[in-house]
Amino acid sequence: MALTRYEIRRKIDNLTWQKNQYIKERDDYKKSLTHAKNLLKNLKDSNTYLDSSGDYLKRFFTINKKTADAGRITNVRSQIVKITKQINTIIIPNINTKISDLNTKISTKEREIGNLWWQYENATE
């Protein structure tokens, strides 16, 4: 049995609501991706500054082959490198996967809505 125009319109409204929820979620992931990329830039800058600081410490504050920071700068740099790798290999790819999945869901809803609009236009009542 064919759907009435009212039933079709209700389905269209429901699918449009779902699509809009996916769009909002995708926008949130895009913001997260921007933040992750900014974080990477800041971590890179921090490592550059730590390199310079470490060089100065080695040149001017080394006594008995030990620097004044007792190797703390090297440890922090290692931690930053580790965090950077995690962001590049885990976090950003997961965000991109989620954005891609949401794009697919949005496209599917758009096709369903288009099909329902065709049915709506051709419905008899």
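Which helix holds both tryptophan 117 and tyrosine 120, and how many residues apart are they? The two lie three residues apart in helix α2 (residues 72-122), about one turn of the helix. Keep in mind as we walk through that this is a predicted model.

Let us begin with the rings. A pair of aromatic rings is described by the distance of the centres and the angle of the planes. The structure has two aromatic pairs. One of them joins tyrosine 56 and phenylalanine 60, with 6.5 Å centre to centre and 15° between the planes; because planes under 30 degrees apart count as stacked, this pair is stacked. Both residues belong to helix α1 (residues 5-60), where they sit four residues apart, about one turn of the helix. Tyrosine 56 is partly exposed, at a relative accessible area of 47%, and phenylalanine 60 is exposed, at 55%.

Now back to tryptophan 117 and tyrosine 120. Their ring centres are 5.3 Å apart and their planes meet at 80°, so this pair is edge-to-face. Tryptophan 117 is partly exposed, with 31% relative accessibility, whereas tyrosine 120 has a relative accessible area of 18% and is therefore buried, the limit being under 20%. Tyrosine 120 has another partner to look for: the charged end of arginine 5 sits over its ring, 4.2 Å from the centre.

From rings we turn to charges. Side chains of opposite charge can pair when their charged atoms come close. The structure holds six salt bridges, and three of them make a good tour.

In helix α1, lysine 41 and aspartate 45 form a salt bridge with an N to O distance of 2.9 Å. These two residues are four apart in the helix, which separates them by about one helical turn. Aspartate 45 is partly exposed, with a relative accessible area of 26%.

The next bridge runs between helices. Arginine 77 and aspartate 51 meet at 2.5 Å, N to O. Arginine 77 lies in helix α2 and aspartate 51 in helix α1, so the pair, 26 residues apart, links distant parts of the chain. Arginine 77 is partly exposed at 27% relative accessibility, and aspartate 51 is partly exposed at 32%.

Which residue meets lysine 109 in a salt bridge? The partner is glutamate 112, at 3.9 Å from N to O. Both residues lie in helix α2, three residues apart, about one turn of the helix. Lysine 109 counts as buried at 13% relative accessibility, while glutamate 112 is partly exposed, with a relative accessible area of 32%.

Definitions and conventions. Residues numbered from 1 in each chain as written. Predicted model: local features only at pLDDT ≥ 70, side-chain atom pairs only at ≥ 80, totals over all residues. Heavy atoms only, no water. Phe/Tyr/Trp six-rings, centres within 6.5 Å; stacked < 30°, edge-to-face > 60°. Buried < 20%, exposed > 50% of the residue type's maximum accessible area, 1.4 Å probe, protein only. Lys NZ or Arg CZ within 6 Å of the ring centre and 35° of its normal. Salt bridge = Lys/Arg side-chain N within 4 Å of Asp/Glu carboxyl O.
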